[in-house]
Protein chains: 2
Amino acid sequence: MKDNRTFFCNGKPHHMERFLEVCLLLLLYDEIGYGYGLIEQLASFGFSEAGLNMSTLYRTLRKMENEGLVTSQWEEGGQGPKRRVYEITKDGKNELDQWIGILKIRKSRIEVLINQYDEKTT
Amino acid sequence: MKDNRTFFCNGKPHHMERFLEVCLLLLLYDEIGYGYGLIEQLASFGFSEAGLNMSTLYRTLRKMENEGLVTSQWEEGGQGPKRRVYEITKDGKNELDQWIGILKIRKSRIEVLINQYDEKTT
DNA sequence: AAGACTATATGTATAAAGAATATAGTACTG
DNA sequence: CAGTACTATATTCTTTATACATATAGTCTT
């Protein structure tokens with residue numbers, strides 16, 4: 001009998017709101033990048049190559065462009081299919097700085113919860 | 001000139017997926033509780049009394065009941081308006097245990113990102 | 001009697017993300 | 001050179017979590 005998911009929290013998507021977006025801003029912080037190529041770099045942030053959703057990745061990049069956080073252009077000559085290459089903007093860097101603050105708060109809220117859990121269960 | 005939100009990440013909802021649900025499971029872990037009364041207890045997890053959304057709170061509790069994580073009943077005699085009192089189930093406790101593991105992963109992913117940010121910006 | 005507070009609930013809207021699918025060019029391989 | 005695998009981007013549809021607004025009603029205080 002296969003895993004029949006007793007726990008609702010096993011029901012797949014354990015994403016953290018906008019986390020992908022922040023990772024992308026950080027990866028683009030000091031060098032340009034393109035969608036497909038960013039996949040392997042995202043692995044260090046816990047995005048499995050299997051699990052990462054391409055549609056989400058591309059859509060997020062285009063959304064960030066609409067918001068003025070990055071700019072893009074088609075890569076000039078180069079082998080293989082053309083790549084849309086993204087570059088971070090000043091606004092994008094500011095946005096990242098703000099997000100870091102928010103992530104520190106998120107982290108501490110998680111810590112508080114884990115600590116209270118440990119207190120109750122030991 | 002008012003704050004005109006230069007940063008998209010200031011655009012309000014900095015929720016973490018399902019975090020409220022996990023907090024509720026923990027609060028109900030060793031004692032029963034009801035919606036309105038849980039508000040002040042949620043403050044310790046970073047939910048401001050102003051910011052916390054009652055519709056989300058009540059809806060989340062009912063959803064948890066549908067999923068079998070909690071049970072509820074109207075409180076017998078007692079002053080004030082009637083309260084729907086929630087009690088955690090065995091499934092609910094198992095679910096919380098699972099969530100704690102997920103939150104530890106989330107926390108470490110955030111740490112990785114913050115560390116990489118610090119490396120790049122110092 | 002008026003107003004503040006306690007308490008729960010629902011209808012509608014929005015935003016983030018997943019699943020599935022479409023489209024093509026390039027590289028390798030026999 | 002035909003077939004296959006890989007690189008690369010994009011769109012449509014759907015689901016999920018949450019916010020916003022509003023409704024309802026009992027209780028307490030003055």
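The paragraphs below go through a predicted model, beginning with the sheets inside the protein chains, then turning to the interface between the chains and to the DNA.

Chain A contains an open sheet of three strands, ordered E1-E3-E2, and the pairing is antiparallel. At its edges are strand E1 (33–34) and strand E2 (70–74) of chain A, each of which pairs on one side only. E1(A) is joined to strand E3 (residues 84–88) of chain A over two bridges, in the antiparallel sense. To find this pairing in the structure, look for Gly33(A), which stands opposite Tyr86(A) in E3(A).

Chain B also has an open sheet of three strands, with the order E1-E3-E2 and antiparallel pairing. Here strand E1 (33–34) and strand E2 (70–74) of chain B stand at the edges with a single partner strand each, so one side of each has no neighbour in the sheet. E1(B) runs antiparallel to strand E3 (residues 84–88) of chain B, and two bridges join them. In this pair of strands, Gly33(B) is placed opposite Tyr86(B) in E3(B).

The next subject is the interface of the two chains. Chain A gives 45 residues to the contact, and chain B gives 45 residues. Between them the chains bury about 4700 Å², and 68% of that area is on carbon and sulfur atoms. Charged side chains also meet here: four salt bridges are found across the interface of chain B and chain A. A salt bridge joins the side chains of Asp30(A) and Lys120(B), with a distance of 3.2 Å from N to O. Polar contacts across the interface of chain B and chain A link eight residue pairs, counting those with both residues at pLDDT 80 or more.

Which elements of chain B give two or more residues to the side that touches chain A? They are helix H1 (19–27) and helix H4 (90–121) of chain B. H4(B) gives the most to this side of chain B, with 22 residues. By class, the residues on the side of chain B that touches chain A are 24 nonpolar, nine polar and twelve charged.

The last part concerns DNA strand C. There are 25 residues around this strand, and those that come nearest are Arg59(A), Arg59(B), Arg62(B), Arg83(B) and Arg84(B). Of the strand C atoms within 4 Å of the protein, 63% belong to sugar or phosphate, while the rest belong to bases.

Three residues of chain B can be followed to phosphate oxygens of DNA strand C. For Arg84(B), a backbone N or O atom lies 2.7 Å from a phosphate oxygen of the strand. For Tyr58(B), an N or O atom in the side chain is 2.8 Å from a phosphate oxygen of DNA strand C. For Gly35(B), a backbone N or O atom lies 3.4 Å from a phosphate oxygen of the strand.

Some helices of both chains give two or more residues to the surface near DNA strand C: helix H3 (54–66) of chain A, and helix H2 (35–42) and helix H3 (54–66) of chain B. H3(B) provides the largest share of this surface, with five residues. Sorted by class, the surface near DNA strand C has nine charged, eight polar and eight nonpolar residues.

Notes: Residues are numbered from 1 along each chain as its sequence is written. Chains are lettered from A and ligands numbered from 1 in the order in which they are written. This is a predicted model: local features need pLDDT of at least 70, side-chain atom pairs count only at pLDDT 80 or more; totals for chains, interfaces and linings use all residues. Side-chain values use heavy atoms; hydrogens and water are left out. A residue is near a molecule or strand if one of its heavy atoms lies within 4 Å of it. A polar contact is a pair of N or O atoms within 3.5 Å; within protein, one must be able to donate a hydrogen and the other to accept it, and residues adjacent in sequence count only if both atoms are side-chain atoms. Helices (H or I, at least four residues) and strands (E, at least two) are DSSP runs, numbered from the N terminus. Ala, Val, Leu, Ile, Met, Phe, Trp, Tyr, Cys and Pro count as nonpolar, Asp, Glu, Lys and Arg as charged, and the others, Gly among them, as polar. Contact means heavy atoms within 4.5 Å. Buried area is the accessible area (1.4 Å probe) that two parts lose on being put together, summed over both. Two strands pair if DSSP finds at least two bridges between them.
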